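Trainee: Could you take a close look at one part of this predicted model with me, the place where the two chains meet? I'd like to hear what holds that part together on paper, piece by piece.

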Amino acid sequence: MAGELEEAAREVIKALQDNEMQEALHTYVPESEERIRKFLESHPDIVELAREVRRIKEESLARLDELIDKAMRSLRSVNAIPHYAADVSEAREVVAKVVGTGRVVVMSKSMTAEELGIREHLESLGNEVWETDLGQLLVQLEGGKPMHAIAPAIHMTVRRVAELLRGRLGLEVNESMTPAEMVAKVRAFLRSKFITADVGISGANALAAEEGTIVLVENEGNIRMVTNLPRVHVALVGVEKLVPTILDAMKVVLVQAAFAGLYPPTYVSVIAGPSSTGDIGHKRVYGAHGPTELHVIIVDNGRRKARSDVVLSEQLRCVRCGFCQIVCPVWGQTANRWGGNTYGGPMGVLWTAITEGLEKGAALAELCLGCGRCDVACPVEIPLSRIIHDLKERYMESMGL
Amino acid sequence: MRYTELARLMSELTLSTGYPVPAPRGFASQWSRGLGLERRGTGRLLFTGALYQLVPYIEPLVDLLRALERSDESAALALGLARTASKVLDLSALPLLRPDRALLGWSTGVLRSIVSLLARSGVEFDYMPEVSDMYSGALLRDMGMKRTFKAHAERVLKAIESTGASEIITVDPHTTETLAAGYREALGVELRVRSYLELVSTSAVKGAGNLEVTVHDSCIYARRLGLSGRVRELLGAAKASIREPPRSGAWTYCCGGPVEALLPSLAQGIARTRARELASTASMAVTACPICYVNLRRGSEGLGLRLVDLAEVIAGGG
């Protein structure tokens, strides 16, 4: 465990020495915090809705096994194909079977897919895989990891973005171009991928167990493409995303968007099964303009075990808005460099403990200030600093202190 | 290995000397010399928790750790040697760990200002240096050293109980919260703890002239103890004009202090971020916590920001 703290500290020092990252973080993060706080101060109704989502999530977690069974049945009833993956290797195996090899795959940004290493796994099987969220595409091009749950390339300056698009994709961009000009170049590049893709892989912000329906929220429009254009759509859903109904799921995504500073969200996609039509001979045919097949993979990977941990279980309420990251003074210096393989910052320390093991999470916890800003920020009132403190005690306990 | 060694050094020093960093015997009570403070049987104990007194000794240790930050091996070796040496030597006598003279004077001044404010407010209290200037164990608790914290807290609690006090007056946020919440969690006791901020009356506050200040709220006072309003009342009574920084009250920003021992450069980065924000608000910033003061002092180098402790301002010395 001690070695893991040394490693975590080395990563933090690297972040502090990364001038590009420091410039980006010191420019963007305080602005984002101020914008979200102002929005929430003027929208008490959203804060009230967030408290309702807390109750929905608590109830869902209490009924988790029942909701998983119900979701598996409901997904079948809407002609989706449900799967259950207990861990990383099972999830990769299911995705690999669906995708096969030599295919073009487009992915919308999914932290769960990132956690499971889906992109790298599919590439290793001989597939051409593209991230389509612009920030996540930049992360893919950089060969790093997402630095924020919603804004994965928050650590990159405009200069760095231009370098990556020019150097890795061969796009004709330079740092004197406006962001709009760069976005247009990326849009043109990704169009060809969307059109030719065989499989689209997304996450889900919520899965309604009663209706077998996934709900996704976004602004870029890439999720609509990923989940609509290819003939096969695969959705990876952590078990903590299960809620009883579509109405509950809509509440979750609205709160997530608001606390991420993206309200109203540009798009909310509600997906219940593959596309279909009954217009010819009154016979329902699956596979109209959207996908023919929808696979929904419900993923555990440490979450159900965490549910039995009195302290850590509260983290499963997280809607991954990333507001706790934005307000955290440590994260403000390091982004997700203070974190595990996928998740960083206050929520990331805890997600790392859940998905990569308590030992790793406990070592990361030692670098928390315990200042409590994350507790104030969390829409679903997860006592993040208290849980992190508990991990610190487990870390020191392992040293007999 | 560095962090294991550091945690063990702090743990062992606390259990052997009562304090988590090397400091000479009797250092914690130097501030009260000549004040005539004593046990008066008031039932109220002044408990400084020694945090203001420790700050001048923490500073050279943090400097040393910062110098060693880039090399795990040298840091682990130095801390390992320090652990061994601490069993036979007084580490504070080492030239590398000499206290910061300016901070020594500052911390004495702040504690004397607090005592003066309490006296002017008519608050009577007992002071027994061997108990009043014990360390609460705040840092051990912050780092999660549950066992060491509990062992130390038991000793402190016994000493407090031996005084017969029914109420404890504290002078900094970390000690206040540790005695109230930390001792409840670790030992199951409910101590009646009150910060001096709650006891000083506005009539005891002296005018600070035409002072324009910004306020750096301590995380603990603001988010856990709900005392940020009180800080402003006292500054208002001193006729100080307050300019609020972008992040204050429940949204106050940390000074970085809690990680200063583990990763000084991280603490410094956070302190710098906060100091810039304060400097863009006013040329003087008021703190009410020694850890905030010393971290922001480091972080504000070259920014033209003057830091003062609340007690210095409202006692009339700011």
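Mentor: Let's start with the charged pairs: the rule picks out three salt bridges across the interface of chain A and chain B. One of them joins B:Arg147 to A:Glu397, with 2.7 Å between the closest N and O atoms. Counting polar contacts between chain A and chain B gives 13 residue pairs, both partners at pLDDT 80 or more.

Now, where does the chain A side come from? Six helices of chain A each put at least two residues into the side that touches chain B: H1 (2–17), H2 (19–41), H14 (323–327), H15 (331–334), H18 (373–377) and H19 (384–397). H1(A) gives the most, with nine residues. Sort that side of chain A by class and you get 21 nonpolar, eight polar and nine charged residues.

As for overall extent, 38 residues of chain A are in contact with 38 residues of chain B. People often give the size of an interface as the accessible area lost when the parts come together. Here, the area buried between chain A and chain B is about 3300 Å², and carbon and sulfur atoms give 60% of it. On the chain A side, the residues that lose the most area to chain B are A:Glu6, A:Leu369 and A:Leu401, which together make up 20% of what that side buries.

Technical notes:
Residues are numbered from 1 along each chain as its sequence is written. Chains are lettered from A and ligands numbered from 1 in the order in which they are written. This is a predicted model: local features need pLDDT of at least 70, side-chain atom pairs count only at pLDDT 80 or more; totals for chains, interfaces and linings use all residues. Side-chain values use heavy atoms; hydrogens and water are left out. Contact means heavy atoms within 4.5 Å. Buried area is the accessible area (1.4 Å probe) that two parts lose on being put together, summed over both. A salt bridge is a side-chain nitrogen of Lys or Arg within 4 Å of a carboxyl oxygen of Asp or Glu. A polar contact is a pair of N or O atoms within 3.5 Å; within protein, one must be able to donate a hydrogen and the other to accept it, and residues adjacent in sequence count only if both atoms are side-chain atoms. Helices (H or I, at least four residues) and strands (E, at least two) are DSSP runs, numbered from the N terminus. Ala, Val, Leu, Ile, Met, Phe, Trp, Tyr, Cys and Pro count as nonpolar, Asp, Glu, Lys and Arg as charged, and the others, Gly among them, as polar.
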